[in-house]
Amino acid sequence: MDETEFWKIIDAAREDAEGDAEEQADLLVERLTRLDPDSVLDYARHFEARYNRAYLWDLWGAATVLFDGAGEEAFDSFRCWLIGQGREVYEGAVHDPDALAELLDDFDVEIDGDGEEIGFAADEAYEALTGAETPDLGIPMPGGEPLGTPLDLADDEALAARFPRLWERFGAG
């Protein structure tokens, strides 16, 4: 599976789920179980590589603005959700997290940003196909701190300065 195929699977599931992350996760599992186990592992590698690539201070800051606070678990879930938004939103956010102000039509904390189940879709599909847990994908986990310039996630002024467009549209009062 190449990168284009990976994004086609993500996009088709998102469109059919009409933005519902839980439904998107279910659709991903359904579609991945139609593939052979090696293709599911390829999908999982693509997902994991993008998940790790999004381990950035600036994305954590953007998630903090969107959620009005984002701990480590919320940021992990946000990265899965971000991948689930498709290539354009994902790449745009990785290159310029402040661009999420334009890339997102809307953001509802009750509905959006929680992509934990999207992150487990390949594992569920692989187990359904093989009866075994997903093996080690051979993709190194990011170590310690996110990449980029550290940011005090509790400092609203710093968040507003770093993400002016995102802050103006989604920031705390």
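A polar contact is a pair of N or O atoms within 3.5 Å; within protein, one must be able to donate a hydrogen and the other to accept it, and residues adjacent in sequence count only if both atoms are side-chain atoms. The model toured here is predicted: local features need pLDDT of at least 70, side-chain atom pairs count only at pLDDT 80 or more, and totals for chains, interfaces and linings use all residues. Residues are numbered from 1 along each chain as its sequence is written, and side-chain values use heavy atoms, with hydrogens and water left out.

**Helix 2**

Select Asp20 and Glu22. At the start of helix 2, a side-chain oxygen of Asp20 comes to within 2.9 Å of the backbone nitrogen of Glu22. Helices are DSSP runs (H or I, at least four residues), numbered from the N terminus.

Extend the selection to residues 21-32, which make up helix 2. The end C-alpha atoms are 16 Å apart, in agreement with the 16 Å expected for 12 residues at 1.5 Å a residue; the expected span is 1.5 Å times one less than the number of residues.

Colour Ala21, Gln24, Ala25, Leu27, Leu28, Val29, Arg31 and Leu32, which are buried (under 20% relative accessible area, 1.4 Å probe, protein chains only). Among the elements covering these buried residues are helix 1 (3-17), helix 3 (37-53), helix 5 (72-84) and helix 8 (116-130).

**Trp60**

Move to Trp60, in helix 4 (residues 57-67). Trp60 counts as buried because its relative accessibility is 9%. Leaving aside residues up to four places away in sequence, Trp60 touches Ala70, Gly71, Glu72, Phe75, Pro146 and Leu153, where contact means heavy atoms within 4.5 Å. From Trp60 to Gly84 the C-alpha distance is 17 Å, with their positions 24 residues apart in sequence.

**The two pockets**

The largest pocket holds about 440 Å³ of space. Of its 21 lining residues, Glu48, Tyr51, Cys80, Gly119 and Phe120 are closest to the centre. On a 1 Å grid over the protein atoms alone, a pocket is an open set of points where a 1.4 Å probe fits, with protein on both sides within 12 Å along at least five of seven lines; lining residues have an atom within 4 Å of a point.

Show helix 3, helix 5 and helix 8: each supplies at least two residues of that lining. Helix 8 gives the most, with seven.

Finally, select Arg14, Gly19, Trp81, Gln85, Val89, Leu103, Leu104, Asp105, Asp106 and Asp112, which line the second largest pocket. About 200 Å³ of space lies there.

Terms used
Buried means under 20% relative accessible area, exposed over 50%, partly exposed in between (1.4 Å probe, protein chains only). Grid points are joined across faces, edges and corners, and a volume is the space filled by probe spheres set on the points.
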